[in-house]
Amino acid sequence: MSPYELSLAIGATGMVAMAARGLGHHTGAAHHGHHGGPAAHHGHGADHGHPAKLDGKLLSLLSPRVIFSFLVGLGGTGIVAGSLLSGALLAMAAAVGGVVFERWIVSPLWNFLFRFESKAALTLESAVYDEARAVTDFDAQGQGLIAVDLDGQVVQVLGTLKAEDRSMGVKVRTGSRVRIEEVDPKRNRCVVSFVGES
């Protein structure tokens, strides 16, 4: 087996495995710094911005998807051009073919396919410290239904007013705002604190 056939085989195997497992979808960079507020951006002046961008580009070049697709392009070009070129010229042509294949064919296709990948649905646990609204008056035991917004879907669960609020005689009425303090996803209920009337 020639080096180009080996490259093609390794790259194709890697890409098929990645596609099957849903890997290679880069999401991390888009979310950093979103919740940090103004303070999160201090200390990243002109002296630090360019190295950070450079590091990101270098890391993206080392991603398995880039490496495998480059190997496919290199191997395929090397095999096709092998009848016309040899030696260093063939190696250079194969390398160019690898870059072109990854940059202009695989990368756009990969990004297009993973645009439709659905993000994981939020669970009740993710709503801790979020606000919710009472949809019923809370009873004498400090319990009532509340509506929680989970990723755009409104879910009703049983809310229990925390002990401190109950001991103070806090009354939660329909429409009141409460904060989720603890959750019990198995029993679909949570402990809440009173925030205020709507």
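Arg-187 has a relative accessibility of 53% and therefore counts as exposed. In this predicted model, the side chain of Arg-187 meets that of Asp-184 in a salt bridge, with 4.0 Å from N to O. Asp-184, for its part, is partly exposed, because its relative accessible area is 23%, and the cut-off for a buried residue is under 20%.

The contact between Arg-187 and Asp-184 belongs to a set of 3 salt bridges in the model. Another of them joins the side chains of Glu-131 and Arg-177, with an N to O distance of 3.2 Å. Glu-131 is in strand S1, which covers residues 131-134, and Arg-177 is in strand S4, which covers residues 177-184; the pair therefore ties together parts that are 46 residues apart in sequence. Both partners fall in the partly exposed class: Glu-131 has a relative accessibility of 41%, and Arg-177 has one of 25%.

A further salt bridge takes the reader to the helices. Arg-65 pairs with Glu-102, and the closest N and O atoms of the two are 2.2 Å apart. Because Arg-65 lies in helix H4 (residues 64-81) and Glu-102 in helix H5 (residues 87-114), this pair ties together parts that are 37 residues apart in sequence. What is the relative accessibility of Arg-65, and is the residue buried or exposed? The value is 11%, so Arg-65 counts as buried. Glu-102 also has a relative accessibility of 11% and is likewise buried. Here, then, a charged pair links H4 to H5, with Arg-65 buried on one side and Glu-102 buried on the other.

Helix H4 itself can be examined further. Its 18 residues should span 26 Å at 1.5 Å a residue, and the end C-alpha atoms are 25 Å apart, so the computed distance agrees with the expected span. Arg-65 is one of several buried residues in this helix. The buried positions also include Val-66, Val-72 and Leu-74, together with Ser-69 and Ala-81. Glycine appears in the list as well, at Gly-73, Gly-75 and Gly-78.

The aromatic rings complete the account. How many aromatic pairs does a search of the whole structure find? The search returns 0 such pairs. A ring does, however, take part in a contact with a charge: the charged end of Arg-103 sits over the ring of Trp-104, at 4.6 Å from the ring centre.

Key. Residues are numbered from 1 along each chain as its sequence is written. This is a predicted model: local features need pLDDT of at least 70, side-chain atom pairs count only at pLDDT 80 or more; totals for chains, interfaces and linings use all residues. Side-chain values use heavy atoms; hydrogens and water are left out. Helices (H or I, at least four residues) and strands (E, at least two) are DSSP runs, numbered from the N terminus. Buried means under 20% relative accessible area, exposed over 50%, partly exposed in between (1.4 Å probe, protein chains only). The expected span of a helix is 1.5 Å times one less than its number of residues. Rings of Phe, Tyr and Trp (its six-membered ring) pair if their centres lie within 6.5 Å; planes under 30 degrees apart count as stacked, over 60 as edge-to-face and the rest as tilted. A charge sits over a ring if NZ of Lys or CZ of Arg is within 6 Å of the ring centre and within 35 degrees of the ring normal.
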